[in-house]
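Here are some short backbone exercises to work through. Keep the model open beside you and try each task before reading its solution.

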Amino acid sequence: MKKVPYRFFLTEDQMPRQWYNLRADMKEQPDPMLNPQTGKPATEEDLYPVFCKELARQELDSTTRYIDIPEPILEMYRIYRPSPLIRAYNLEKALGTPARIYYKFEGNNTSGSHKLNSAIAQAYYAKEQGLTSLTTETGAGQWGTALAEACAYYHLPLTVYMVKGSYNQKPFRKAIIQTFGADVIPSPSDTTNAGRAILAEHPDTTGSLGCAISEAVEKAVTTEGCRYVLGSVLNQVLLHQSIIGLESKKAMELLDEYPDIIIGCAGGGSNLGGLIAPFMQDKLLGKADPRIVAVEPASCPSLTRGKYAYDYCDTGKITPMARMYTLGCGFIPSANHAGGLRYHGMSPILSKLYHDGYMEAVSVEQTKVFEAAVMFSKLETILPAPESSHAIRAAIDEALKCKETGEAKTILFGLTGTGYFDMTAYTSFLEGNMSDYIPTDEDLKRGFDGLPSIPGIQ
């Protein structure tokens with residue numbers, strides 16, 4: 001095998017011109033979203049009050065395999081794409097493993113994450129429709145930053161409801177979102193009916209993505225010319241993020257490589273779904289059989305301990321219901337949870353693939369995640385985001401297994417972004433103040449008890 005460079009970049013001409021729609025090759029489709037008012041499958045028109053029309057169409061499209069990326073989106077992609085595929089030689093050497101470890105680095109833009117791939121697309125389609133503003137939520141802050149960037153580019157006002165725990169932990173994330181011109185509101189807040197209701201029941205809550213989604217959707221549907229956009233979970237988002245996997249696969253082909261194991265952090269599913277898309281296509285079509293591993297936090301374990309059921313996508317129960325692995329829309333992660341990936345559910349696409357046995361899932365404690373992050377930063381000179389570090393942790397564990405067995409497997413993981421706005425969490429770990437929290441079965445039961453009852457289904 002030829003010598004692989006540390007960093008391998010595709011040329012601009014090699015960058016994908018289409019997104020890949022994984023649903024087109026799934027043998028069994030995810031169950032349809034349900035209209036919360038009627039309990040029937042949501043139609044494209046049902047989604048128009050919440051999403052712009054083209055995104056609503058993409059959300060429900062399960063047959064078009066490849067969708068052209070509009071040229072204006074490609075033009076903005078070219079500012080920071082193609083992103084590098086990096087061989088982790090220093091990490092391999094430190095571990096003493098025969099495994100070959102690659103990572104796809106998505107942090108080379110101001111948002112510091114992969115989120116910009118979908119933010120640009122969603123802002124573009126909103127502008128094309130003639131909308132005058134957008135709303136969204138953000139947890140760790142990467143999505144809020146990415147969308148603020150995209151909205152600034154397209155001159156669209158944006159309101160970001162930021163999970164209160166993150167809002168307090170990450171003042172500089174808030175500041176950069178504001179630098180791009182967006183308004184940032186800690187959620188739950190007293191600016192919406194949903195927020196006031198949540199505060200009345202839980203006055204000291206640090207919030208959750210489910211809470212923030214409720215507020216953002218309410219703001220969108222009650223404001224003329226405004227729509228809501230989401231940075232993860234939805235089918236449309238996984239579609240846009242497929243550019244990560246398409247670039248990765250093309251680069252590995254040029255390097256005469258193919259991954260035996262593909263690892264991604266998993267919160268709502270955007271990064272993981274994008275990274276694995278073309279490799280999962282190979283698996284579905286019988287062309288290859290890579291192991292695909294989702295890594296989630298032990299404090300918010302939707303895949304490994306959740307239920308596969310219909311649930312609301314938000315705490316206020318105003319969004320369509322999706323069948324997914326969920327902890328219940330009322331689940332709120334512990335206040336000591338610092339590693340991101342805090343959504344109560346998982347992408348319906350990924351949930352279905354996991355349920356049908358096409359992928360695996362593991363959960364890891366946050367102190368082990370930060371141990372891996374510190375080790376990686378010293379060896380590879382990139383300070384990883386806490387979310388990304390879940391994948392690093394699992395990649396290290398898999399590489400050590402190869403050391404024990406002597407198998408020279410090829411490992412690919414997603415380095416979703418950088419951790420320069422996460423220094424409060426890093427400081428907590430380095431000073432020995434970080435602790436692990438794993439919810440008890442009783443904790444999880446409270447969330448499960450709130451799952452909706454749907455006649456004939458659950």
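**Exercise 1.** In which loop is Pro82 found?

*Solution.* Start with the setting: this is a predicted model, in which local features need pLDDT of at least 70, side-chain atom pairs count only at pLDDT 80 or more, and totals for chains, interfaces and linings use all residues. Residues are numbered from 1 along each chain as its sequence is written, and side-chain values use heavy atoms, with hydrogens and water left out. Next, find the flanking elements: Pro82 sits in the loop between α3 (71-77) and β4 (85-87). Helices (H or I, at least four residues) and strands (E, at least two) are DSSP runs, numbered from the N terminus. Finally, look at the bond from Arg81 to Pro82: this peptide bond is cis, with omega near 0°.

**Exercise 2.** Describe the peptide bond that joins Ser187 and Pro188, and place Pro188.

*Solution.* Check omega, which is about 5°, so to speak a cis bond between Ser187 and Pro188. Then locate Pro188: the loop between β8 (183-187) and α9 (193-201) holds this residue.

**Exercise 3.** Is Asp256 buried or exposed?

*Solution.* Begin with the backbone: Asp256 is not a glycine, yet has a positive phi of about 60°. The residue Asp256 lies in the loop between α11 (235-254) and β10 (261-265). Now apply the cut-offs: buried means under 20% relative accessible area, exposed over 50%, and partly exposed in between (1.4 Å probe, protein chains only). With a relative accessible area of 54%, Asp256 is exposed.

**Exercise 4.** Where is Thr381 found?

*Solution.* Thr381 belongs to the loop between α15 (366-380) and α16 (386-405). Its phi is positive, about 65°, although Thr381 is not a glycine. Thr381 is exposed, with a relative accessible area of 65%.
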